[in-house]
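Reader: I have a model open in front of me and would like to understand the words used to describe it. Could you take me through the reasoning?

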Amino acid sequence: MCGYALAPGATNLATLFWTTTGTALCVGSANAINQWLEVPFDSQMARTRNRVLVRRACSPLQAFAAGTLSGISGVGILWTCVNPTTAVLGAANILLYTGVYTPMKRRSIANTWVGSIVGAIPPIMGWAACTGGIEWPALALGAILYAWQFPHFNALSHLI
């Protein structure tokens, strides 16, 4: 929403609504698939032990189906109701989070660098939704979020 609001010409509430809805569905997709992949590890940590898949309140098939359907729906909404650029960024973020970041978490601290890209993309999506493209101000906004995530993550991990 912030990327959309900061972009020049942010006046179409319908586009803002569909951007928010499609992005939320993409985020939900990445989260569901991440938790589907992480059940064995989530069951070992106090912080994640109470998640629905670990508690078996939801089956792995249901979680994977929900993640897949929300991802397809989110990207589809972004493609048809917003624009292809925003849809491609949404799809890329799902794939980056579930296909790169999640598997890297146990292999390398470089996962934080990848996860920071994932966190930087949504404001760029908002900007692209408003303008139809990715311009320097959008990339600057994404870079600010990217850089902010390192002190944010380090502060949280220090507590753990």
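Reader: Why is G9 called exposed?

Author: Happy to start there, and please keep in mind that this model is predicted. G9 has a relative accessible area of 55%. Exposed means over 50%, so G9 earns the word. As for its place, G9 sits in the loop between helix 1 (2–6) and helix 2. L96 lies 87 residues from G9 in sequence, and their C-alpha atoms are 30 Å apart in space.

Reader: Helix 2 comes up there. Why is N34 called buried?

Author: N34 is in helix 2, and its relative accessible area is 4%. Buried means under 20%, so N34 counts as buried.

Reader: What makes the pairing of N34 with K105 a polar contact?

Author: The side chains of N34 and K105 come to 3.4 Å. The limit for such a pair of N or O atoms is 3.5 Å, so the distance falls within it. K105 is also among the residues in contact with N34 once neighbours within four places in sequence are left aside; the others are R51, Y97, T98 and T102.

Reader: Now to S116. How do you know that S116 is buried?

Author: Its relative accessible area is 2%. With the cut-off for buried at under 20%, S116 is therefore buried. S116 belongs to helix 5 (residues 111–131), and its side chain reaches the backbone oxygen of T112 at 2.8 Å.

Reader: Which residues is S116 in contact with, leaving aside neighbours within four places in sequence?

Author: They are Y146, Q149 and F150. Another pair to look at is S116 and A147: they are 31 residues apart in sequence, with C-alpha atoms 7.7 Å apart in space.

Reader: What makes A140 partly exposed?

Author: A140, found in helix 6, has 39% relative accessibility. Partly exposed covers values between 20% and 50%, so A140 fits that class. The C-alpha atoms of A140 and A120 are separated by 9.8 Å, with their positions 20 residues apart along the chain.

Reader: How many aromatic pairs does a search of the whole structure find?

Author: It finds six. One of them is F17 with W18, whose ring centres are 4.9 Å apart.

Reader: Why is the pair of F17 and W18 called edge-to-face?

Author: Their planes meet at 75°. Edge-to-face is the word for planes over 60 degrees apart, so this pair qualifies. F17 is partly exposed at 48% relative accessibility, and W18 is partly exposed too, with a relative accessible area of 32%.

Reader: And what makes the pair of W113 and Y146 tilted?

Author: The angle between their planes is 50°, with 6.3 Å from centre to centre. Stacked pairs are under 30 degrees and edge-to-face pairs over 60, so an angle of 50° leaves the word tilted. This pair links distant parts of the chain: W113 is in helix 5 and Y146 in helix 6 (residues 136–159), 33 residues apart. Ring pairs also join W113, Y146 and F150 into a cluster.

Reader: Why is Y146 called partly exposed?

Author: Y146 has a relative accessible area of 23%. That value is not under 20%, the cut-off for buried, nor over 50%, the cut-off for exposed, so Y146 falls in between.

Reader: Where does the lining of the largest pocket come from?

Author: Helix 2 (13–42), helix 4 (84–104), helix 5 and helix 6 each supply at least two of its residues. Helix 2 gives the most, with nine residues. The pocket holds about 1,100 Å³ of space. It is lined by 36 residues, and R47, Y97, Y101, K105 and F153 are the closest to its centre. By class, the lining has 15 nonpolar, 15 polar and six charged residues.

Technical notes:
Residues are numbered from 1 along each chain as its sequence is written. This is a predicted model: local features need pLDDT of at least 70, side-chain atom pairs count only at pLDDT 80 or more; totals for chains, interfaces and linings use all residues. Side-chain values use heavy atoms; hydrogens and water are left out. Helices (H or I, at least four residues) and strands (E, at least two) are DSSP runs, numbered from the N terminus. Buried means under 20% relative accessible area, exposed over 50%, partly exposed in between (1.4 Å probe, protein chains only). A polar contact is a pair of N or O atoms within 3.5 Å; within protein, one must be able to donate a hydrogen and the other to accept it, and residues adjacent in sequence count only if both atoms are side-chain atoms. Contact means heavy atoms within 4.5 Å. Rings of Phe, Tyr and Trp (its six-membered ring) pair if their centres lie within 6.5 Å; planes under 30 degrees apart count as stacked, over 60 as edge-to-face and the rest as tilted. On a 1 Å grid over the protein atoms alone, a cavity is a set of points where a 1.4 Å probe fits but cannot get out, and a pocket is an open set with protein on both sides within 12 Å along at least five of seven lines; lining residues have an atom within 4 Å of a point. Grid points are joined across faces, edges and corners, and a volume is the space filled by probe spheres set on the points. Ala, Val, Leu, Ile, Met, Phe, Trp, Tyr, Cys and Pro count as nonpolar, Asp, Glu, Lys and Arg as charged, and the others, Gly among them, as polar.
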